Amino acid sequence: MIVISLTNCPVSLRGDLTKWLLEINTGVFVGRVSARVRERLWERITDNIKDGRATLVYSANNEQHMNFCIHNSENEIVDFDGLKLVLQPSKPKPVESNDKRLGFSKAAKWRKLGKTKSLSQVERGNVSNTYPENYVIIDIETSGLSELKTEIIEIGMLRVRKGEVVKEFQRLVKPSKKIPRAIETLTGITNDMLDEAECSINSLTEEIRDFIGHDVIIGHNIRFDLRFLNHAFMVNNQPQLTNEFLDTMEIYAKVTGAGGGKKKLSSIVEEFKVVEKPNHRALSDCKALKAVYDVLKEK
C-alpha cells in the first residue's frame, strides 16, 4: 500500500494520479500498485510538481515496515541506528541587527560551509574493499540526530589487531546543554552523569585521532558517527578523518540480501545469536559490533 501527499500540486498532476490511486482528500492519494508503478509515479510527481511539496509512504520489508520519500521539503531524511527518520529543522531565532537581511552572518555562513564539508566528505565515502584483520571499531552516543544542532555525549572505540582487541577507549563527553529526557531513557546516560564528565569533545579530538591512527574504521551506520566526529574536528580547525571505513549495516545487507540494509545492530545480534549485547552505551555496542563483524566476514 502507498500513501502520497501533495501540496501546491498542479491540477493536471492530481488528475493523472487518479488513474492509479484514490484521492481520499485534496492532494492525498492511497492505493496498491507494484514497485515499478510506484517508482514511475514518484518520478512523474517530482518532474511535474514544480514548487510544490510531495511525500510518499509505502510498505516495505524492513524494521519499520515502511519506507518514505520527500521532495521539495525543508525536512531531511536521516538514518538513526538503522531506522529512517525525518529530521525537522529547528525554528530560527530572531536576528537582532540593523541589517534586515537574514542568513548573512559569519556564523550562518560558517555553519552552512561546515555542513557541506562534513557531509560531503562522508557521503562520498572512502569505503574499504577488503575485510581487514587490523582496524578500529567506533560507536558514539549523541543527544540527537544533527551534528550541527546536537552533540556527542559518549564515544567508545576498540583497537583490533589480527582479529583480537588490544586496546579499549571510552569517554563520557560533557555537552554544552542538558540532553533530552528521551535520550536519557534510550541510553541510560543521565544529565547528572554528564555533569560529572571530565572531558568536552573539544578536549578529546586529539586523543580520538591518535587512537584511530590510519586504521580502517568499522561501525554500524558509520556515516552517522563520522559526520559527528568530522564536525568536531572541523570546529577545532583540525583536518577531517579520511580513513577507509566499513559499515556493518551495509555488509549485512550485502551478504544476506536484505533490501536497503537498514537493520538495527540489536536485531542482527539477535539473528546471529551473538553473546555480546548492545545497549546504547558506546563501548558495549562496540563489543557487540565486533562480534557481528566477525560473523559477517565469514559469510
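Visitor: Hi! How many residues does the largest nonpolar core have, and which have the most contacts inside it?
Guide: Hello! In this predicted model, the largest nonpolar core has 25 residues. Those with the most contacts inside it are I138, I155, M157, I208, I212, I217 and L229.

Visitor: Which elements give two or more residues to this core?
Guide: Two strands and two helices do: β8 (135-142), β9 (152-161), α6 (201-212) and α7 (222-235). Helix α7 gives the most, with seven residues.

Visitor: And I138, what does it touch?
Guide: Leaving out residues up to four places away in sequence, I138 touches G156, M157, I212, I217, I218, G219, I222, D225, L229, C286 and L289.

Visitor: What lies apart from that core?
Guide: Another core, of 22 residues, lies apart from it; L265, I268, V269 and A288 are among its members.

Visitor: Switching to rings: how many aromatic pairs are there?
Guide: The structure holds five. One of them is Y252 with F272, a tilted pair at 6.0 Å centre to centre, with 50 degrees between the planes.

Visitor: Where in the chain do Y252 and F272 sit?
Guide: Y252 is in helix α8 (residues 248-256) and F272 in helix α9 (residues 265-272), 20 residues apart, and the pair links distant parts of the chain.

Visitor: Is Y252 buried or exposed? What about F272?
Guide: Y252 is buried, because its relative accessible area of 4% falls under the 20% cut-off. F272 is buried too, at 16%.

Visitor: Which residues do ring pairs link into a cluster?
Guide: Y131, Y135 and Y293.

Visitor: Last one: which ring does the charged end of R159 sit over?
Guide: That of F211, 4.5 Å from its centre. The charged end of R171 sits over the ring of F169, 4.4 Å from the centre.

Note on methods:
Residues are numbered from 1 along each chain as its sequence is written. This is a predicted model: local features need pLDDT of at least 70, side-chain atom pairs count only at pLDDT 80 or more; totals for chains, interfaces and linings use all residues. Side-chain values use heavy atoms; hydrogens and water are left out. A nonpolar core is a set of buried Ala, Val, Leu, Ile, Met, Phe, Trp, Tyr and Cys residues joined through side-chain atoms within 4.5 Å. Buried means under 20% relative accessible area, exposed over 50%, partly exposed in between (1.4 Å probe, protein chains only). Helices (H or I, at least four residues) and strands (E, at least two) are DSSP runs, numbered from the N terminus. Contact means heavy atoms within 4.5 Å. Rings of Phe, Tyr and Trp (its six-membered ring) pair if their centres lie within 6.5 Å; planes under 30 degrees apart count as stacked, over 60 as edge-to-face and the rest as tilted. A charge sits over a ring if NZ of Lys or CZ of Arg is within 6 Å of the ring centre and within 35 degrees of the ring normal.
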